Structures are given as C-alpha cells and as structure tokens.
Amino acid sequence: MGELFENILSSDESIFLNPQFLDFDYQPKLVPFRESQQKYIATCIKPLLQRRNGKNIIILGKPGVGKTVSLRHVLNELKEEYSNEVYCLYINCWKRDTSFKIISEICQQINYKWTHNKNFDELMNSASEIINEKSAVIILDEADKLQDHNIIYNILEDFHRRCIILITNDNDFVAKVDDRIRSRLIPDLIEFKPYNYDETESILKQRTEYAFVPDVLEKEAFDSIIKKTFACQDIRAGLFLFKQSGEIAENNSSRKINLEYVRQAIVSLDIADLNTDKDTEAIINIIKENSGKTKGEIFKIYESNEGKSYRTFQRKLKELEDKKIISLKDEIYESGKRTIVNYAE
Ligand SMILES: Nc1ncnc2c1ncn2[C@@H]1O[C@H](COP(=O)(O)OP(=O)(O)O)[C@@H](O)[C@H]1O
Ligand SMILES: [Mg+2]
C-alpha cells in the first residue's frame, strides 16, 4: 500500500479489537492496587467459614476508585471455594432501591421460587430459613440509593451468620441510618482513596492492550488521557476517553488515535455524565419507541438525531444484544436479508 493512504481505515476494518474491555462493568481477572483492602475484607468474612458470625463493613470512596470491582472480586473468589457453605449475594441498590425489591432479588439469588403474591415479611421468613442453613455475605452496592433501611435491620435480626457489606460514596451514610440499625451493625469502615498517577496508568494500559489493535494509540494521546483521568480521580473517565477518542478516530477513517481526537473526546467528557452513557441511552430510547423495525430504519432515526456513524451504531447494538436489552433477528425478505430489532422487555 502506498504511504499516502497508509493511515486510512477501510470500511470493514476497526481499530477496536475487544471494545468490551472498556466497559465500566467489565470484571478483570485480578484487581491490582487494592490487595490490602481485599485481604482485610476477607478477614471480616472468614469467621463465617468457622461457623461464627462475620464482621460488617462499610466501604467508602468516590466514584470510579475500584470499590465495586474489588468487592466483586472478593465475592467471586469466595464463591469458587466456599459456595457450599456461604451464600454470596451481590445487589446494586441503584437498580433495586426498596427493601421489597431487595428481598425479592435475594430470593432469586438463593433460588427460592415461591415468591408470587408474598409480602415483605413472608419473603424475609422464607429467605431466612434457607440462608440460616448456611451463612451469607450480602453486598449492598450504592447503599445510599436505598429508599428505606428496613432490609438492613431485618438481615441483622433474621440472618444468623452473615456479613453485610455496604458500599457507598456518601461519607455521611453511617450518620443517616437510625440508631436501631447502627447499634446492631457496628461496622468496620474501609476507605478507598483515589489511585495515584502510576496506578492509574497501569490499570488503563492493561485495558487498552486488550481493547485496541496494537499500535493504534499515539504516545501523546495515551499520556494525555492518563493525565486527564488522574485529574478526575475516576478510572471511568479514562475508559470513556479511550472509547470516545477511538470512535472519533474511526469516524475520521483514521487508523491512529492522535492528540486531536483525544482533545475532542475530552470536550465530550466534560459535558457527559459518567453515570449514564448518553449514546447507549439514546439508542435504547429509539428502540423502545420503534421496537420491531429493521436495523436500517432504526439507524436512520439515530443518525438524524445523534449524527453518529454506522460503526458506532453497530457496536452499541451488539453491546445491547449481549446484555439482552434488545434482540436482533435476521430474516429473509424479497431479494435480501434484513435485521429486525426488538426491545426485550
Ligand atoms: N485496580 C483496578 N484494576 C483494574 N480495573 C480497575 C481497578 N480499579 C478500578 N478499575 C476499573 O475502573 C472502573 C471503575 O471501577 P468501579 O469498581 O466500578 O468503581 P467504584 O465502584 O468505586 O465507582 C471499572 O471499569 C473497573 O473495572
Ligand atoms: Mg461502584
């Protein structure tokens, strides 16, 4: 190939190898730089394995400092070794924000199916009977999103051998639970501080190595993203910037991510809310309102509203399909093939 066109991406190429490694909820095999916290948490859980009660914990720290990923790692390790002795329960309270929704989710996770038409107390009783044959670790992530704290009180009262782990970015959370709960919870507090520069770089370097085709990132572009992420003290900012600048590069048919694309990505980071992915949200809304239409029709609406490329659109659809938020079905019609997009709910 001639030099003139060397850095031009052809239409069937991508600079992404595995973009899912840049997802906020991707779970890496190991969680470096949080080893001491993970060890400490393990010592709080260990009594459960000796048929004693565990220690309760409150995990504090700003968004994007590795709280969720570390706790999920501890829970996965526990599950691998001790699922016969301990129920390993993880619940996100942003998604399930009432005591009733949480006990329903606990029932589902312990495989108790007779939940239909039952009220909170009935579900709590059934779950306790099952859980008290073993012991349980119950992680309530984003606990500050809970609308009521009854579930915490009930777990403390009714589950005999358990370890409750509450994760929050609200430093005043302890002050907000009432005395009745505080006097029973007596939690250990563990704070997750933001990562330093080298840690930030190391975490993100690994993710980009999996996510991109080798040598796509120019050095200044990479360094600029690390600097910005360190300033934000939120790893998610880096993941967002790598994905966004990659998409900008592709929209420009470029094989390289350069400093200019990073600058543009930083502009959209500054207006984005990392707690929601605006692009994906826009696509979901369009599909919700146009469920059953073809992929081409959905893309036309997306393109006219959001002005984004087909490549980005394709990738988002694939992600949504993987997460079972939508379903894609190929069908033959007249002279060709088309894909029908359905909202799955
Ligand atoms: N030590 C680490 N190693 C690898 N990835 C990490 C690490 N810490 C954070 N991350 C990644 O950064 C993102 C934010 O971490 P997360 O645990 O969701 O933060 P928090 O729960 O504190 O808001 C996730 O994608 C996570 O995989
Ligand atoms: Mg989290």
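The dialogue below reads several features of this predicted model.

Me: Into which domains is the protein divided?

Reply: In this predicted model, the protein is divided into domain 1 (3-25 + 195-271), domain 2 (35-191) and domain 3 (278-343). The C-alpha centres of domain 1 and domain 3 lie 25 Å apart, and the contact takes 5 residues from domain 1 and 4 residues from domain 3. On the side of domain 1 that touches domain 3, the residues divide into 1 nonpolar, 2 polar and 2 charged.

Me: Which residues surround ligand 1, and where does the ligand lie with respect to the domains?

Reply: There are 19 residues around ligand 1, and the closest are Gly66, Lys67, Thr68, Val69 and Ile235. Helix 2 (67-82) and helix 10 (235-251) are the elements that give two or more residues to this shell, whose members divide into 12 nonpolar, 4 polar and 3 charged. Because domain 1 (3-25 + 195-271) and domain 2 (35-191) both give residues to the shell, ligand 1 lies between them.

Me: How should one read the pattern of buried residues in a helix, and which residues of helix 3 are buried?

Reply: The general idea is that an α-helix has 3.6 residues a turn, so residues three or four places apart point the same way. In helix 3 (residues 99-109), the buried residues are Ser99, Ile102, Ile103 and Ile106; seen down the axis of helix 3, they fall within an arc of 95°, so they line one face of the helix.

Me: What do the buried residues of helix 3 pack against?

Reply: The buried residues of helix 3 pack against strand 2 (86-92), helix 4 (120-131) and helix 5 (150-158). Just after helix 3, Asn111 takes a positive phi of about 70°.

Me: How does one read a positive phi, and where is the place of Phe33?

Reply: As a general guide, most residues other than glycine have a negative phi. Phe33, although it is not a glycine, has a positive phi of about 70°, and its place is in the segment before helix 1 (35-45). Because Phe33 has 16 C-beta neighbours inside 10 Å, it counts as partly exposed.

Me: Where is the place of Asn117, and is Asn117 buried or exposed?

Reply: Asn117 is found in the loop between helix 3 and helix 4, and its phi is near 65°, a positive value in a residue other than glycine. With 6 other C-beta atoms within 10 Å, Asn117 is exposed, whereas Phe33 counts as partly exposed.

Technical notes:
Residues numbered from 1 in each chain as written. Chains lettered and ligands numbered in written order. Predicted model: local features only at pLDDT ≥ 70, side-chain atom pairs only at ≥ 80, totals over all residues. Near = placed C-beta within 6 Å. Helix = DSSP H or I, 4+ residues; strand = E, 2+ residues; numbered from the N terminus. Nonpolar A, V, L, I, M, F, W, Y, C, P; charged D, E, K, R; others polar. Domains from an automatic or database assignment. Buried ≥ 20, exposed ≤ 12 C-beta atoms within 10 Å, placed from the backbone. Arc of directions from axis to C-beta. Contact = placed C-beta atoms within 7 Å.
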